[in-house]
Amino acid sequence: MILSCQNVYKSFATTEILHDINFHIEEHEKAALIGVNGAGKSTLLKIITGEYSADSGQVILSRGKTLGYLAQHQEINGDKTIYEEVLEARQHVLDMEARLRTMEETMKQLSGDKLDSMMESYTRLTHTFELENGYAVQSEVTGVLKGLGFPEEEFDRKLEALSGGQKTRVALGRLLLTKPDVLLLDEPTNHLDMESIQWLETYLLNYPGAVLIVSHDRYFLDRIVSRVIELENGRSMMFLGNYSQYHEKKAIVRRAQLNAWMNQQREIKHQEEVITKLKSFNREKSIKRAESREKMLEKVEVLEKPQEVHADMRIHLTPRITSGNDVLTVTGLTKKYPPLTLFENQDFIIHRGERVAIIGNNGTGKTTILKIINGLLEADAGECKLGSRVQIGYYDQEHQVLSMDKTIFQEISDTYPAMTQTQVRNVLAAFLFTEDDVFLPIKNLSGGERGRISLAKLMLSNANFLILDEPTNHLDITSKEILEEALKEYTGTALYVSHDRYFINQTATRILDLTNQKLVNYIGNYDYYLEKKDELTAIYAPEEAAEAAAGSETAAAMDWKAQKEEQARLRKKENDLKKVEKRIAELEEQDKAIDEEFNLPETGTNLARCQELSKEKAKITEELEELYEKWEELAE
């Protein structure tokens, strides 16, 4: 055990945030700390680091072990460049190298015992330097910065010129290279694109120390953690396994808790009825028995009612009318910000009922495509044509569709004036805005609260074509799951941009990957995209250098329709192959059964049955020969 929290309590004023928190983490273990927004996750991390003090209880870190912490927001300033700031994490190794060079110069002037003594010191220091991977320090720094999404041309940018998200990435790079024994990471993937998140996953999986991660990225947690610590109602509970395993186990625990609570409530009610009845007899013996039962009832530790996961927030996305089959047709779409070309001459079609995710690295133009489709931005060339009876509902990650000077209530009632005050309040209550909360100005709300208002407006729009830009940003895991279920039940069409791979995996029926200025089409969810990414990117969106070297101009010119047809053909071949394999297995079983029947004594004396079996076997052999040839052809 390298880190443990024992009986930790924490309150702010009269509000208890953490109540009797208990958990531990083993050396080299990767664990997740999860819970809804406001559950106390960041507070607990700050108690572990010593930034906050617990009201009671203790945090124990094994003797001699070091702790490193990445907060959600970083205030890194100064005249240093990105590279200098991250390199400073390995300054002690650079100092070692400088001492080695000094010793080398000094040893040239020494002889005898002094030389021997310095040689011993030099050998020890060289060994330590090698253990610290000293010869590869600069390449290590370069690898981490590139992995976190900084191209080499940005290494010399000054810290003061960076955005908040870029500063967080710099802080993460520095922390990783500090290599503490325990890493505490608060939402480390918030400012990373998909490639950087995948790089971080690999880095953390190979990290020799222990890691405790607060994250809403469920795909990330599935890949990394082997233990989940949940905070709920101020209390902690530990589950072994990754996020998906936790989710299954939690459902079982929640059902058990609900059953225990219901059983206890029934028993309490029963005892109260018995006590009332005994008292009504108005006899001394009966009254004493009633008083005895009352004392027993007072000693019962009443269980808290478990929170219902989907009871608070409710999203029902229902189209008012049904659109035509071709919802959106995009042809020749081009957008440039000279000298940068985001995408050029791109075509795609979206049909009714599809849920299409646009993915790609930061800055490739995903949000730009949504804005062009929604008429908020002009394309340099090309056309976006909506089908018949298409009604758009737009969700903007920056919430520019919200009026910052209005209250929550005004935002809904002004957009939907036909709604009564009671109807507006009921809708807002479904999105966790109750009582006087509805009169809060939108400009004073958090990103998550603004996101919930945008979702409420989206639900009320009754649109049949949803265009969503990062809909899960600022949502906690429970809210994401509620939105996932609403999208899966939605009978309209959805086109969205998201970095949330778990969300994409759950909801997408198709993926468009914007890479190398081209859209590559994948008929499937995120797992299918990962399986086919390298193969299809090489065919449909090769990098220019590789394209020139391979002479693959023809393949690069294949349009979206050709991509879709090719993938459909491959899918059909895969399905045909499975059918052939299944039929071969069935026939081989039948053939085996015939051989076994031939070996029975009673069959040998039954000429008619032998002839019948022989015909069956010949028929099976003939069909198997054809199937073997077909399998070989499909397998090729």
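These are my notebook entries on what I looked up in this predicted model.

**Overall build**

I began with the whole chain, where the secondary structure of the protein comes to 22 helices and 18 strands. I then looked up the radius of gyration, which is 32 Å for the protein, whereas a compact globule of 636 residues would have a value near 26 Å. Along the principal axes, the C-alpha atoms fill a box of roughly 110 × 95 × 75 Å. For one pair within that box I took Arg-101 and Glu-622, which are 521 residues apart along the chain and whose C-alpha atoms are separated by 80 Å. Arg-101 is found in helix H3, residues 91-107, and counts as partly exposed at 33% relative accessibility.

I also noted the surface and the contacts. The accessible surface comes to about 33,300 Å², with 49% of it belonging to carbon and sulfur atoms, and 44% of the 636 residues count as buried. Among contacts between residues at least 6 apart in sequence, 67% join residues at least 24 apart.

**The nonpolar core**

Next I asked which residues touch the most other members of the largest nonpolar core. This core has 104 residues, and the ones that touch the most other members are Leu-185, Leu-204, Ile-213, Phe-431, Leu-466, Ile-504 and Ile-511. I followed Leu-185 further and, leaving aside its neighbours within four places in sequence, found it in contact with Leu-45, Leu-70, Leu-172, Leu-175, Leu-204, Val-211, Leu-212, Ile-213 and Val-214. I set beside this the general tendency of nonpolar side chains to be buried together in soluble globular proteins.

**Helix H15**

I turned to helix H15, residues 477-489, whose 13 residues reach 19 Å from the first C-alpha to the last, close to the 18 Å expected at 1.5 Å a residue. The buried residues in H15 are Ile-477, Ser-479, Lys-480, Glu-481, Ile-482, Leu-483, Glu-484, Ala-486 and Leu-487, a list that holds charged residues such as Lys-480 and Glu-481 as well as Ile-482 and Leu-483.

In this helix I also looked at Lys-488 and Glu-485, whose side chains meet in a salt bridge at 3.3 Å, N to O. The two are 3 residues apart in H15 and are therefore separated by about one helical turn. Lys-488 counts as partly exposed at 32% relative accessibility, and Glu-485 also counts as partly exposed, at 34%.

**Salt bridges between helices**

A search of the whole structure finds 36 salt bridges, and I followed two that join separate helices. Arg-174 forms one with Glu-85, the closest N and O atoms being 2.9 Å apart. Arg-174 lies in helix H6 (residues 164-178) and Glu-85 in helix H2 (residues 82-87), so this pair ties together parts that are 89 residues apart in sequence. Is each partner buried or exposed? Arg-174 counts as partly exposed at 26% relative accessibility, whereas Glu-85 is buried, with a relative accessible area of 10%.

The side chains of Asp-591 and Lys-617 meet in another salt bridge, at 2.9 Å, N to O. This pair links distant parts of the chain, with Asp-591 in helix H20 (residues 560-598) and Lys-617 in helix H22 (residues 607-635), 26 residues apart. Asp-591 counts as buried at 17% relative accessibility, because the cut-off for buried is under 20%, while Lys-617 at 24% counts as partly exposed. I recorded, too, that salt bridges sharing partners join Lys-80, Glu-85, Glu-88 and Arg-174 into one network.

**Loops and backbone**

I closed with residues in loops. Ser-323 lies in the loop between helix H10 (284-299) and strand S10 (326-337) and counts as buried at 2% relative accessibility. Leaving aside its neighbours within four places in sequence, Ser-323 is in contact with Arg-352, Ser-388, Arg-389, Val-390 and Asn-464.

A cis peptide bond, with omega about 5°, joins Pro-338 and Pro-339, and Pro-339 lies in the loop between S10 and strand S11 (340-351).

Where did I find a positive phi outside glycine? Asn-133 has one of about 60°; it lies in the loop between helix H4 (112-131) and helix H5 (137-147) and counts as partly exposed at 35% relative accessibility. Lys-179 has one of about 55°; its place is in the loop between H6 and strand S6 (182-186), and Lys-179 counts as partly exposed at 35% relative accessibility.

Key. Residues numbered from 1 in each chain as written. Predicted model: local features only at pLDDT ≥ 70, side-chain atom pairs only at ≥ 80, totals over all residues. Heavy atoms only, no water. Core = buried A, V, L, I, M, F, W, Y, C linked by side-chain atoms within 4.5 Å. Buried < 20%, exposed > 50% of the residue type's maximum accessible area, 1.4 Å probe, protein only. Contact = heavy atoms within 4.5 Å. Helix = DSSP H or I, 4+ residues; strand = E, 2+ residues; numbered from the N terminus. Expected span 1.5 Å × (residues − 1). Rg over C-alpha atoms; globule rule 2.2 N^0.38 Å. Areas by Shrake-Rupley, 256 points an atom, 1.4 Å probe, with all protein chains shown as cover. Salt bridge = Lys/Arg side-chain N within 4 Å of Asp/Glu carboxyl O.
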